[in-house]
Amino acid sequence: MNAPLEAHTPMMQQYLRIKAQHPDILVLYRMGDFYELFYEDAERAAALLDITLTARGASAGAPVKMAGVPVHALEQYLAKLVKLGEPVAICEQIGDPATSKGPVERKVTRIVTPGTLTDSALLDEKSDKVLLALARDATSVGLAWLTLASGELRVAEIAPQALANELRRIAPAEILVADGGPPLDAGTDIAVTRLADWHFDVARGTQKLCETLGAASLVGYGCDDLSPALGACGALLEYARNTQGKALAHVTAVRAERAGDYLRLDAATRRNLELTETLRGEASPTLFSLLDRCATGMGSRMLRHWLHHPLRDQAALAARHDAVERLSVVADRVQSALRGFADVERITARIALKSARPRDLAALRDSLAQLEALRATLPAGDGDLLAELASALACPMDCHALLARALQASPAALLRDGGVIADGYDAGLDELRALQSNAGTFLIELESRERARSGIANLKVAYNQVHGYYIEVGRTQAERVPEDYRRRQTLKNAERYITPELKAFEDKALSANERALALERRLYETLLDALLPEVPTLQRIARALAQTDLLAAFAAGALAGNYCRPEFRGDLCIEIEAGRHPVVEAGIESFIANDARLTPARRLLLVTGPNMGGKSTYMRQVALIVLMAHVGAFVPARRLRLGPIDQIFTRIGAADDLAGGRSTFMVEMTESANILHNATASSLVLMDEVGRGTSTFDGLALAWAIARHLVERNRALTLFATHYFELTQLALDYSEVANVHLDAVEHKDSIVFLHAVEEGPASQSYGLQVAALAGVPRAVLRQARRTLERLEQASLEHGGQADLFAGGGAAAPEPEPAVDPLREALGQVNPDELSPREALELLYRLKSL
């Protein structure tokens, strides 16, 4: 590898020149039926992919380390590398081996990175791979992100402290940052690619975006004032174009996201509400898995986007709810019609990038043919969302006619196999195919003539890929062959010959196959070029299909779950009648529905009750019901009246952040601080057991102060769950605070949770009963009960727990009484569990005490 370039063989010189252009990524170099890797790339790939590392031949006087993967298996190996975060350059043969004097001309045709995937085999049908670039100025961070598989481009400008939340919302697969920028903590699942600072120049980015959109100005797109974002956009578009090796013809618009467009959800809220991933990192059960009744991958991906981008525009939400209501009577028919559609969105992107395969185009052709049948299932309307969707689903007749005329009914999977272009589409191709298809007739006639001419009855004419066409006769008949026969191959019991007539036919037939494949390739490329002007129309159809699918899925889910339509109001309120947690309800036989009412006169609900009683479920269901209303779905309740909400915050559960060096309590306080700094009077806040990660007095004092701050300063609509019963006195100090509780009853030595929310504070926490349900040993529970009795007695003697907020110091606890062995032994006995023999033995033992 260290030898001068001139010392290497011509082929290795070509490889090394290409590798020098891509020094930091793996280069897959096409050689016949394999993609080969050499030297350090080979060693790396062998370790990553578990493939064989060999050393063959020699270049510059040393063996060449090699590893390779078959062409037909490329996608499965690419999927492994992408999952490992490894970018890969695909180097193809673009020259003709027959006419090349030296090595066949090759070049890198595309670069595959985690954020630039477009191949269906490398993509999850129900989620997108997003490429994001970020640029900073003195006061803000500019973001630009692109879904290359659909062509959707967005930009935004945010405060630096909001970056972590935005990355969680957008969930990019790869982030582009400037070399000179500060370190970025993107997590282990996101690839970070550093580019030279000049890629992020604002003027250059503005020019690049205008060129991509074919626009003279960005004023019409509403993003001309987002300077850092435009710098990021320039780097993003240049990187995407370089990886694809082509212009991004399917990027036809850019959308600027503004802070007020969506209901804000911070990273903790997205995690705690388990929108698209459980707290354990699993795909289900989540709100996404519950609502995803979509018939197409396009609808599922739109659902994922809507869940992370809940709208605040009540007019747009009302249009969605109108559509869901009207679709409820035809949801089954609509979804049945949608099941026959291919992924039009991703096929369109591959057409724009000229990487669409024959079966992609055939699937598109068949999908376009079904559009009119789908439109017929939609309820008739005028001027509403469904009418807009029906209009957008109109079939582009010229496009469909071109695909129907150009493609075979069932084309080959790969263009190189032929059999893609339809008969009758091109006269030249038909002629070349006729030469191949008529070969059988010619050979039968030739065989008959040669048998008659030679008098050899068992003479036969055949073909194989090694020796081409030949005439075969038995060894014993070889002396009878005519003089113009020329020996081609000798076998043990036969001789094979060729004649001038057969040789002439062979040359014509074999060249016809090669010429037909070459012509078919040119015709296919011309077809892709002809489809490029249709890309915007196909994107419009794809968006309409996705939205129709999702709204029909909402309608089907509302019918199955007995959901209601939300009612939006202008005044601030959240009023839920008989609400249910949608995900929990789906997993159990019977769910207890509960009301929730939050208004300016009732801003904070203190939720008390036993562990396992359902406090967290109750709080989460309120947030999920509000969220579902803001994505356009119906909600699991008898009735929902909802005013304008700007944000949802949650502080539920906690775990150590070991990688970040934060304890459970530190995580809890960090999330609480975020809420106290950012919640407004229009926010919904869920606070679950704040202060439990530290000492009792510290935790109680913090919980008391946080609750008061939320009432006095933030004035947010708040559900505040706690086991600190002292907090229930807040309802006496503030008229906007109300106590509610989830009750339970004791039955013998066990506890029954009622899961019903009642007004007023809980009477006790039932902690010991829950511990018994968890299997804590009886001896431990008995000791805990005695300790609890002593603590409660001491508390009563000193004025009860409410004195924690009274002036003066706390009295010292009384010393524990001396241990009485007889009482100790009796306290450990349960008479109902003793056999007669054990009772007698116990009696003798007690007497001895």
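In the next few minutes I will go through the confidence of this predicted model, its nonpolar cores and one loop residue.

Let me begin with confidence, where the mean pLDDT of the protein chain is 89, and 95% of its residues reach 70 or more. There is, however, a stretch that asks for caution, since over residues 801-815 the pLDDT is below 50, although in the model this stretch still has 14 contacts beyond near neighbours in sequence.

Turning now to the interior, the largest nonpolar core is made up of 112 residues, and the ones with the most contacts inside that core are Leu361, Leu545, Phe554, Ile574 and Leu684. Which helix gives the most to this core? That is helix 20, spanning residues 535-561, which gives 15 residues. Apart from this core there lies another one, of 32 residues, with Ala232, Cys233, Leu237 and Leu248 among them.

If we take Leu361 as an example and leave aside its neighbours within four places in sequence, we find that Leu361 is in contact with several residues, including Ile351, Ala356, Leu403 and Leu407, and also with Tyr524, Leu527, Leu528 and Leu531.

Finally, I would like to look at Pro160, which sits in the loop between strand 9 (152-158) and helix 4 (163-170). Is Pro160 buried, exposed or partly exposed? Pro160 counts as partly exposed because its relative accessibility is 39%, which falls between the 20% and 50% cut-offs. Not counting residues up to four places away in sequence, Pro160 touches Thr139, Ser140 and Val141, while Leu538, 378 residues apart from Pro160 in sequence, is 37 Å apart from Pro160 in space, C-alpha to C-alpha.

Conventions:
Residues are numbered from 1 along each chain as its sequence is written. This is a predicted model: local features need pLDDT of at least 70, side-chain atom pairs count only at pLDDT 80 or more; totals for chains, interfaces and linings use all residues. Side-chain values use heavy atoms; hydrogens and water are left out. Helices (H or I, at least four residues) and strands (E, at least two) are DSSP runs, numbered from the N terminus. Buried means under 20% relative accessible area, exposed over 50%, partly exposed in between (1.4 Å probe, protein chains only). Contact means heavy atoms within 4.5 Å. A nonpolar core is a set of buried Ala, Val, Leu, Ile, Met, Phe, Trp, Tyr and Cys residues joined through side-chain atoms within 4.5 Å. pLDDT is the predictor's confidence in each residue, from 0 to 100.
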